[in-house]
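User: I would like to go through this model piece by piece. Please keep the answers short and give the cut-offs as the terms come up.

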Amino acid sequence: MTRVCLILPLLLSLPAMASTYTVTAPHLTMHAGDPVPPLIFNISAYSGSYASHFCGEPVRSTLATSSSSAGNYPIIISQGSLKTVDPRDSLRFVNGTLTIIPADSIGAQLTNEITYPLGFFDGPTGHSAVDVTHNSTANLVGDCVTDNSAAFRLLLSQDGARTSATTYGGLTPLYLYFPPGCYATSQPLIIHGNHWTLWGSGPQRSYVRLLPNSPAFNTGTVTQFFSPQSVNKNDNFHEYVYNLGFNIGPGNPDAIPFTTIQNNSGAVRNVQIWADDSNCPYAINFHQEYPGPMLFKNVAVYGCKMAYSAGQGEYSITFENFTTEAQTTTVLDNRYIKTSIRHWLSDNTVQALHVYGSVIANVVVLDSEILNGASSTAGIVVDKGCALYLKNLISTGYSPTEIDSGTGTAVMRTGNIEQAWTGFAQSLFNSSQPPDSLHLAVQETPAPNDPPVSQWTRLSNIVAKWPAQILNSASATVYAPAGLYSAMGTMQITIPDSVNHLEFYQSEIPSGSPQIVLTVAGSSSRPLIVDGCPYKSCQIVHTGSRAIVLRDTNLHSYAAEDGAGDLYIEDSLLISSPNGSIAVKFYPSQHIWARQLNLEQINVNKFNCSGCQIWILGYKTEETSPSIVLTNRAQAEVFGFFFYQLKAPAMGGTASIYLTDSSLFATGWTQVDLPGRGQPNWIIESQGGTTLSLATRDVNSPQQLKMFYSYGGGRTSGAQQLNEKVKGQ
């Protein structure tokens with residue numbers, strides 16, 4: 001659709017009221033080797049709509065590339081198609097700077113070259129993946145100009161099958177693939193129901209774009225662009241966005257680019273969100289009931305007034321490798337929500353983080369950088385009653401770095417912050433020692449090292465054939481095309497050491513009982529990576545020393561034995577057995593690193609860690625049984641927990657956490673909706689045969705554990721333990 005720019009004739013009878021508008025390219029930062037970020041712009045203040053003052057948009061360019069060395073590079077901004085509607089007005093252009101810094105692990109690690117195997121669309125008939133440009137329902141045109149509103153409506157509704165009355169989607173999962181292209185629309189992108197996955201080929205190669213000056217986003221009311229609808233408010237299970245971009249064209253001041261509610265197992269990975277004219281209320285929306293737990297991994301936001309805005313107290317969000325740049329009011333507007341953030345890179349002059357909302361907000365920020373703040377601005381502000389834990393934060397420009405008024409009395413911190421928390425640290429046995437985290441060694445989640453997609457082994461649409469196909473695979477990577485598979489009985493599958501990656505593309509088996517038992521008994525030094533094992537239908541039996549990586553997986557169960565190897569967890573629920581009576585057990589042979597761990601057992605301890613070492617970024621549990629049990633000199637760090645008490649304790653004197661001669665650092669939140677459901681104790685701890693307890697305030701209300709530490713299992717550094725383990729292998 002071509003949009004015509006109407007230039008007003010010069011009316012000589014009107015007095016001269018010419019305005020000069022300044023068009024600026026904001027400062028941006030990238031790491032050497034990263035994709036060049038979108039070169040957005042902003043225009044100095046004006047009243048009314050963009051279209052009433054301007055037509056078109058400026059041209060932005062830079063000589064910097066992914067292969068450029070560290071340094072400063074100009075962002076050149078010029079008139080391009082931008083014109084003023086009133087010919088008396090004029091435009092002034094101000095170039096910006098793109099700073100390239102040396103490569104490190106902070107910020108989004110975006111990948112633009114994503115490929116898929118030839119059989120990707122050949123899953124079971126009826127519910128296989130759909131190419132949005134070549135299908136029998138509706139075809140999108142990826143030319144960045146065509147208004148695809150009608151085709152989007154048909155594709156996202158599965159040709160009208162998903163409506164506002166849809167409360168589930170497990171028997172009709174939606175799988176959409178966006179090949180390289182720019183898919184424009186002027187209308188909201190609405191998905192009803194759950195169980196859906198969207199894939200692209202990279203966030204700058206496959207993206208959806210809101211056309212400039214779209215009427216639906218110029219009403220004076222904030223309006224969601226990508227808009228999945230709540231399923232019973234908190235049943236948004238099994239929803240994923242991979243390798244896509246979301247772009248807001250200029251002149252859409254009411255557009256919220258990205259809304260999400262994903263619950264229990266849901267992820268946004270390798271995604272970029274940007275507003276061309278920097279002008280939208282907030283890029284990521286956490287205001288709908290009830291977002292999380294979910295994982296954002298390798299996500300970048302450019303422009304908008306805020307990168308995210310939250311107005312819900314339930315549930316929790318985990319970010320790792322998160323980039324926010326060129327926001328205009330507050331970067332992270334953290335009202336109420338529980339958030340765990342690691343490897344966040346912010347390049348902004350405005351306030352980086354505001355933690356507020358009665359006594360509800362609880363936030364963790366680790367290993368992050370907030371750069372180029374205005375010298376008259378506090379980088380982080382914590383309001384009374386809220387809580388923040390900081391570790392390894394680098395800050396430049398801001399003065400001060402943080403003002404923490406969580407206790408009611410302001411504490412001001414300047415410069416880089418090695419470690420800080422709201423209020424006072426608590427300990428039962430070790431209060432005479434300096435309060436501290438355990439500083440466990442943190443291993444990054446291993447990424448697949450796949451051969452070319454043409455060499456991958458494709459699994460049959462008949463599940464009974466999978467055991468033999470996996471055992472005899474000539475390729476290190478095995479995949480099942482996305483789809484809804486039928487299966488009878490239980491498939492026992494032993495994973496050979498020659499297979500390194502199982503990619504199931506969020507396929508499903510419509511059954512409430514386990515269908516696939518994956519036994520990992522090998523000793524390979526290469527970890528086995530499991531992506532999207534069929535929903536609630538997979539059991540993992542971990543007996544060998546080989547490490548396992550679980551990503552975006554809702555398991556029926558995970559069972560280890562002493563001698564089992566390490567475990568990496570990203571956005572995974574380890575137990576979904578129908579009766580909730582299977583406990584997770586970790587052993588001395590294991591290190592566990594978890595990003596967005598979810599455990600939902602009803603009748604047993606959530607996890608027992610006997611002598612293991614476990615590091616968790618974002619942990620959500622439900623029901624009333626103990627959420628953490630540590631014994632045998634275990635060591636655990638939990639950076640942000642959300643314990644949801646759905647039932648009253650079965651007996652008096654219980655606790656959320658039990659320690660026996662073990663070490664723990666923990667910070668987080670307990671949600672108590674009804675009086676009497678809370679635990680009377682946070683922690684019951686035994687050291688050397690003596691037992692003490694840390695009481696909660698009461699059993700009737702939600703509350704925070706701001707910082708707890710115990711050294712009952714020793715303080716040997718995680719790095720030293722890891723080195724000793726490697727030497728012993």
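User: Is S340 buried or exposed, and at what relative accessibility?
Analyst: This is a predicted model, in which local features need pLDDT of at least 70, side-chain atom pairs count only at pLDDT 80 or more, and totals for chains, interfaces and linings use all residues. Residues are numbered from 1 along each chain as its sequence is written, and side-chain values use heavy atoms, with hydrogens and water left out. Buried means under 20% relative accessible area, exposed over 50%, and partly exposed in between (1.4 Å probe, protein chains only). S340 therefore counts as buried, at 4%.

User: Which strand holds S340, and which residue offers its backbone oxygen to a polar atom of the S340 side chain?
Analyst: Strands (E, at least two residues) and helices (H or I, at least four) are DSSP runs, numbered from the N terminus. S340 is in strand β26, residues 338–347. Its contacts (heavy atoms within 4.5 Å), leaving aside neighbours within four places in sequence, include L617, G618 and G640. The backbone oxygen that lies 2.9 Å from a polar atom of the S340 side chain belongs to F639.

User: Why is strand β25 described as largely enclosed, and which residue of β27 is the bridge partner of R335?
Analyst: Five of the six residues of β25 (330–335) are buried, so the rest of the structure largely encloses this strand. Two strands pair if DSSP finds at least two bridges between them; β23 (306–310) and β25 pair in the parallel sense over three bridges, with A310 opposite N334. Strand β27 (351–356) runs parallel to β25 and is joined to it by five bridges. The partner of R335 in β27 is Y356.

User: Which residues touch the most other members of the largest nonpolar core?
Analyst: A nonpolar core is a set of buried Ala, Val, Leu, Ile, Met, Phe, Trp, Tyr and Cys residues joined through side-chain atoms within 4.5 Å. The largest has 67 residues. Another core, of 62 residues, lies apart from it and has Y485 and A666 among its members. In the largest core, the residues asked for are F178, I284, F296 and W344.

User: Within what arc do the buried residues of helix α1 fall?
Analyst: In α1 (149–156), the buried residues are S149, A151, F152, L155 and L156. They pack against strands including β11 (174–178) and β12 (181–185). Seen down the axis, they line one face of the helix, because the arc, taken from the directions from the helix axis to the C-beta atoms, is 160 degrees.

Note on methods:
A polar contact is a pair of N or O atoms within 3.5 Å; within protein, one must be able to donate a hydrogen and the other to accept it, and residues adjacent in sequence count only if both atoms are side-chain atoms.
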